[in-house]
Amino acid sequence: MRTAILLINLGSPENASRKAVGSFLFQMLNDKFVIDLPFVLRKLLVNLIIIPFRINASSNRYKEYFGDKKSSPLLETSFSIAKKLNNTLPENYQAFIGMRYGKPSLKKALSEIEKKQFDKIILFPQYPQYAEATTRSSIEKVEEIVSKFKNKPDLQIIKQFYNNPLFITCFANKIKQFNLKEYDHLIFSYHSLPLRQINKIHPDIISENCNCTQEKPKHGEYCYKSACYETSRLLAEQLHLQNKDYTVSFQSQMGKDWLQPFTDNVLIKKAKDGCKRILIVSPSFVTDCLETTMDLQIEYNVLFKQHGGEHLQLVESLNDDNSWVEALMKITMN
């Protein structure tokens with residue numbers, strides 16, 4: 001059986017121009033799973049308020065993120081992963097890259113898969129913790145495109161891997177590259193989400209007062225908050241950390257009714273409490289992107305120092321590490 005492996009990531013603008021950034025934001029923010037408001041309200045909010053007011057700032061941030069590179073670092077890393085994976089996979093397997101927004105689009109990747117007449121597609125969204133705004137959005141887009149294939153292949157979906165031992169070990173090994181004794185605290189920072197999106201998954205048991213914590217991480221399948229705490233607990237276990245040694249927090253919030261505690265607030269408090277050196281890692285991303293490179297590595301470092309801290313060190317994501325490429329192969333072929 002000839003099998004295609006489709007690795008999906010969120011995506012990135014082709015370049016830092018206002019046109020490219022605006023096109024990327026238009027695609028992403030008009031997604032009903034990203035901004036889950038009624039159609040008309042979403043269109044008005046995104047196209048008349050958010051994009052016009054954010055376009056200049058977003059373009060400037062992407063210019064800094066791209067630096068001297070002609071293409072997005074996220075895209076370069078993604079293609080490197082696919083190349084390494086294809087050099088490792090059996091000859092009846094082939095890996096493809098598709099971005100939910102921007103290029104290479106899912107439509108283009110799936111068009112190539114259809115032309116090569118694969119018998120099976122393993123759909124592997126690169127989001128460790130399931131969320132409707134990322135995982136479900138990607139899956140439904142793929143299913144919509146594949147439904148129009150003349151000869152439909154079998155479709156296998158890996159919905160999440162937040163607790164996969166291979167994923168956990170790869171990230172733990174990245175953290176172990178640093179001497180934890182040289183840091184006062186470790187922060188596991190995840191992308192925040194609106195509480196209403198969390199509540200939709202398990203409305204019977206999940207509420208705004210969801211009490212998933214480091215001591216009690218499990219609160220139902222596909223609960224994003226629970227998955228984040230479980231990933232952190234498993235990493236802490238491999239790193240031999242006690243609860244007092246680390247904090248789970250959430251970054252990139254756009255309102256108070258988002259998952260808390262917010263990473264910026266945690267950093268400010270830790271600095272004021274006397275923490276001088278903090279190690280921060282974001283296990284919600286397997287590939288570094290604007291959010292990790294700009295927010296965590298640069299902007300939060302400035303924030304931490306402004307309140308008395310000395311150094312905030314980001315642990316890079318798994319990117320195209322050979323160990324992660326090998327783990328991807330084992331996870332998809334399991």
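Author: In what follows, Ala, Val, Leu, Ile, Met, Phe, Trp, Tyr, Cys and Pro count as nonpolar, Asp, Glu, Lys and Arg as charged, and the others, Gly among them, as polar. This is a predicted model, in which local features need pLDDT of at least 70 and side-chain atom pairs count only at pLDDT 80 or more, while totals for chains, interfaces and linings use all residues. Residues are numbered from 1 along each chain as its sequence is written, and side-chain values use heavy atoms, with hydrogens and water left out.

Reader: What makes E1 and E3 a pair of strands?

Author: Strands (E, at least two residues) and helices (H or I, at least four) are DSSP runs numbered from the N terminus, and two strands pair if DSSP finds at least two bridges between them. Strand E1 (residues 3-9) and strand E3 (residues 120-125) run parallel and are joined by six bridges, so they meet that requirement. Within this pair, Ile8 stands opposite Pro125 in E3.

Reader: Why are E2 and E4 called edge strands?

Author: The four strands form an open sheet in the order E2-E1-E3-E4, with parallel pairing. Strand E2 (93-99) and strand E4 (154-157) each pair on one side only, and these are the edge strands.

Reader: What makes the largest space a pocket, and what is its volume?

Author: On a 1 Å grid over the protein atoms alone, with a 1.4 Å probe, a pocket is an open set of points with protein on both sides within 12 Å along at least five of seven lines, and lining residues have an atom within 4 Å of a point. The largest pocket holds about 1,300 Å³, a volume being the space filled by probe spheres set on the points, which are joined across faces, edges and corners. Its lining has 48 residues, of which Leu10, Met28, His191, Ser252 and Glu291 lie nearest the centre. Helices giving two or more residues to this lining include H1 (18-29), H5 (132-146) and H10 (290-306), but H2 gives the most, with seven.

Reader: How do the linings of the two pockets divide by class?

Author: The lining of the largest pocket divides into 28 nonpolar, 13 polar and seven charged residues, whereas that of the second largest has two nonpolar, three polar and eight charged. This second pocket, of about 250 Å³, is lined by 13 residues, and those nearest its centre are Asn30, Asp31, Lys32, Arg100 and Lys141. Asp31, Lys32, Arg100 and Lys141 are therefore charged by the rule given at the start, while Asn30 counts as polar. H1, H2 and H5 each give two or more residues to this lining, and the largest share, four residues, comes from H5.
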